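Trainee: Could we go through this model together, one question at a time, with the reasoning spelled out?

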Amino acid sequence: MKKLYLSLIFVFLISLNYVYANGNWSQIGEAVKFGGVSQTVHFAGMNSTRIAFIDSGVDRMGAYDFNGSTWSQVGSNITVPTGTIHAMAGLNGSRVAIEMNVGAKLVTYSFNGSDWAQVGNQFTAPAGSPAMASLNKSTVAWISSTGDDITTYIFDETDWVQMGNVLDITDGDDYAMASL
């Protein structure tokens with residue numbers, strides 16, 4: 001039976017890790033507190049044991065691996081203009097998409113196991129996103145800052161391109177998205 005892993009990172013930057021197996025959730029490892037970070041953070045799962053983690057207080061992004069009991073940073077950090085980040089989504093084991101509110105830019109970063117680098121061009125969308133979810137390794141769904149629609153974008157290794165029609169939604173204030 002396939003095991004499901006879940007990491008919860010709370011506002012106080014404490015990570016609790018769980019595994020779902022044989023119909024039950026069980027905590028694995030100890031609660032971990034990420035030290036030396038502000039309370040404004042963003043994170044995205046890159047695979048079952050790695051997250052990309054942004055600390056907006058010091059404008060840095062890093063990768064962290066979970067070995068079954070503890071989290072450890074992998075590789076170096078990269079400086080990103082975090083004061084304006086609204087959403088972040090893991091695309092695959094090595095890439096994340098980050099939406100920055102200044103000009104509603106969608107930016108892709110790749111991690112090779114030791115260093116981060118921007119990939120392709122920044123994309124300027126019609127409006128900033130309060131929520132974004134990865135649909136697969138190159139596609140994100142994006143809710144506009146007005147909360148009126150969901151648009152899908154695909155990354156072709158150079159540019160983000162709108163895919164399909166816009167789904168009209170209304171009457172919402174706070175959004176969260178997750179792909180299944």
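**A buried arginine and two aromatic pairs**

Mentor: Arg-50 has a relative accessible area of 15%, and is therefore buried. Please keep in mind that this is a predicted model.

Trainee: Which side chain does the side chain of Arg-50 join in a polar contact?

Mentor: Begin with the location, since Arg-50 lies in strand 5, which covers residues 50–55. Leaving aside residues up to four places away in sequence, Arg-50 touches several others, including Ala-63, Tyr-64, Asp-65 and Phe-111. The polar contact between side chains spans 2.6 Å, and the partner of Arg-50 in it is Asp-65.

Trainee: How many aromatic pairs does the structure hold, and is the pair of Phe-123 and Tyr-153 stacked, edge-to-face or tilted?

Mentor: The structure holds four aromatic pairs. In the one formed by Phe-123 and Tyr-153, the ring centres are 4.9 Å apart and the planes meet at 55°. This pair links distant parts of the chain, with Phe-123 in strand 11 (residues 116–124) and Tyr-153 in strand 14 (residues 149–155), 30 residues apart. Planes under 30 degrees apart would count as stacked and those over 60 as edge-to-face, so an angle between these limits counts as tilted.

Trainee: Are Phe-155 and Trp-160, which form an aromatic pair, buried or exposed?

Mentor: Their pair is a tilted one, with 5.1 Å from centre to centre and 40° between the planes. Buried means under 20% relative accessible area, so that is the limit to apply. Phe-155 has a relative accessible area of 4%, and Trp-160 likewise has 4%, so Phe-155 and Trp-160 are both buried.

Key:
Residues are numbered from 1 along each chain as its sequence is written. This is a predicted model: local features need pLDDT of at least 70, side-chain atom pairs count only at pLDDT 80 or more; totals for chains, interfaces and linings use all residues. Side-chain values use heavy atoms; hydrogens and water are left out. Helices (H or I, at least four residues) and strands (E, at least two) are DSSP runs, numbered from the N terminus. Buried means under 20% relative accessible area, exposed over 50%, partly exposed in between (1.4 Å probe, protein chains only). A polar contact is a pair of N or O atoms within 3.5 Å; within protein, one must be able to donate a hydrogen and the other to accept it, and residues adjacent in sequence count only if both atoms are side-chain atoms. Contact means heavy atoms within 4.5 Å. Rings of Phe, Tyr and Trp (its six-membered ring) pair if their centres lie within 6.5 Å; planes under 30 degrees apart count as stacked, over 60 as edge-to-face and the rest as tilted.
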